[in-house]
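This report introduces one protein structure to a reader who has not met it before. Please keep the sequence and the structure in view while reading.

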Amino acid sequence: MVSGGRHCDPFLSWARLRLGDIGRPDFSTFAPARASVVAVTPYDKIFENNQRWAEEQLRSDPDYFARLSQSQQPDFLYIGCSDSRVPANQIMGLAPGDVFVHRNVANLVNNVDLNVMSVINYGVRHLDVKHIVVCGHYGCGGVQAAMQPKDLGILNPWLRNIRDVYRFHKLELDGITDEAKRYDRLVELNVLEQSINIIKTAAVQKSYLSKGYPIVHAWVFDMRNGIINDLKLDFVQTLHNIQEVYDLTKD
């Protein structure tokens with residue numbers, strides 16, 4: 001661009017306007033820099049909590065982690081629901097290393113689920129557990145979902161196990177007019193049926209025949225008061241009853 005016989009650079013013209021007559025930069029249009037603040041997220045808090053927990057353990061027992069890292073010899077195998085409100089060790093009042101834990105939606109023991117079957121086999125044959133607990137809980141979302149006549153997508157084949165429990169006990173459940181009580185009873189019946197599924201396994205039957213354990217228990221945790229309800233499963237009688245069809249003690 002030419003102005004008044006002189007070459008005029010557009011950038012220089014802009015720069016002169018910005019610098020002003022006295023040649024100093026004009027910062028009036030610039031916002032002050034803000035100090036960056038890094039928020040502590042719930043994820044970050046986990047590591048803070050872990051550090052504090054580890055320090056507390058060492059203060060009370062300097063050899064705690066050295067001993068914990070050596071081996072595990074739990075007496076209990078716990079099979080429970082994945083619900084975040086039902087932590088196995090805490091509700092049982094037991095420490096790390098005392099309970100071998102498996103959790104899934106609605107505490108199911110499905111004979112074609114290699115995950116739970118592997119846990120049972122390892123717990124019985126390698127850890128030599130003395131007790132196996134199936135623990136459900138009142139207010140279980142999985143059980144509630146199974147009671148609804150809806151297509152639940154990928155959950156359909158999983159929750160069908162609970163619908164089968166309803167079918168086995170339809171007369172009893174349909175006779176309960178109070179919906180909340182019917183729901184609670186289905187939670188209990190589901191736990192009992194899953195406990196029976198454990199007793200059907202070869203690992204449990206053979207171990208009990210040769211050693212006298214493990215014993216299978218059926219529990220329901222009540223989040224309304226924090227108490228475990230022992231359903232008093234008669235393990236010996238249940239084993240005797242099912243072995244007419246499910247006897248797997250022979251090699």
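## Two crossing helices

Helices H7 and H9 are roughly perpendicular to each other, because an angle of 65 to 115 degrees counts as such. The model is a predicted one, and in it helix H7 (residues 155-168) packs against helix H9 (residues 179-199) at an angle of about 105 degrees. The axes of H7 and H9 are 10 Å apart.

On the H7 side, the contact is made by Ile 162, Val 165, Tyr 166 and Phe 168. These meet Arg 182, Leu 186, Leu 189, Asn 190, Glu 193 and Gln 194 in H9. By character, the residues of this contact comprise six nonpolar, two polar and two charged.

## The sheet

Five strands form an open sheet with mixed pairing, in the order S4-S3-S5-S6-S7. Its edge strands, each paired on one side only, are S4 (99-104) and S7 (227-230). From one strand to the next, the twist averages 25 degrees. In general, the strands of a sheet pair through backbone hydrogen bonds, either parallel or antiparallel.

Strand S5 (residues 131-137) pairs with strand S6 (residues 215-222) in the parallel sense, over seven bridges. His 131 stands opposite Ile 215 in S6, and the bridge partner of His 137 in S6 is Phe 221. S5 also pairs with S3 in the parallel sense, here over five bridges. In that pairing, Phe 76 stands opposite His 131 in S5. Six of the seven residues of S5 are buried, so this strand is largely enclosed by the rest of the structure.

## Helices around the sheet

Helix H5 (residues 114-125) lies across strands S3 (76-81), S4 and S5. The direction of H5 is at about 170 degrees to that of S4. Because angles over 145 degrees count as roughly antiparallel, H5 and S4 fall into that class.

Helix H10 (residues 202-211) contains the buried residues Ala 203, Val 204, Gln 205 and Ser 207. The buried residues of H10 pack against two strands, S5 and S6, and against helices H5, H9 and H11 (235-246). After H10 comes Gly 212, which has a positive phi, near 85 degrees.

## An aromatic cluster

The count of aromatic pairs comes to six. In one of them, the ring centres of Trp 53 and Tyr 64 lie 6.4 Å apart with the planes at 85 degrees, so this pair is edge-to-face. The pair links distant parts of the chain, eleven residues apart: Trp 53 belongs to helix H2 (residues 42-60) and Tyr 64 to helix H3 (residues 64-68). A further aromatic pair joins Tyr 64 and Phe 65, and this pair is edge-to-face, with 4.9 Å from centre to centre and 85 degrees between the planes. Trp 53, Tyr 64 and Phe 65 form one aromatic cluster.

How buried or exposed are Trp 53, Tyr 64 and Phe 65? Tyr 64 has a relative accessible area of 12% and is therefore buried, since the cut-off for that class is under 20%. Trp 53 counts as partly exposed, at 34% relative accessibility. Phe 65, with a relative accessible area of 27%, is also partly exposed.

How values were computed:
Residues are numbered from 1 along each chain as its sequence is written. This is a predicted model: local features need pLDDT of at least 70, side-chain atom pairs count only at pLDDT 80 or more; totals for chains, interfaces and linings use all residues. Side-chain values use heavy atoms; hydrogens and water are left out. Two strands pair if DSSP finds at least two bridges between them. Helices (H or I, at least four residues) and strands (E, at least two) are DSSP runs, numbered from the N terminus. Axes are lines fitted to C-alpha atoms, for helices over the stretch in contact, and angles run from 0 to 180 degrees between N-to-C directions. Contact means heavy atoms within 4.5 Å. Angles under 35 degrees count as roughly parallel, over 145 as roughly antiparallel, 65 to 115 as roughly perpendicular and the rest as oblique. Ala, Val, Leu, Ile, Met, Phe, Trp, Tyr, Cys and Pro count as nonpolar, Asp, Glu, Lys and Arg as charged, and the others, Gly among them, as polar. Buried means under 20% relative accessible area, exposed over 50%, partly exposed in between (1.4 Å probe, protein chains only). Rings of Phe, Tyr and Trp (its six-membered ring) pair if their centres lie within 6.5 Å; planes under 30 degrees apart count as stacked, over 60 as edge-to-face and the rest as tilted.
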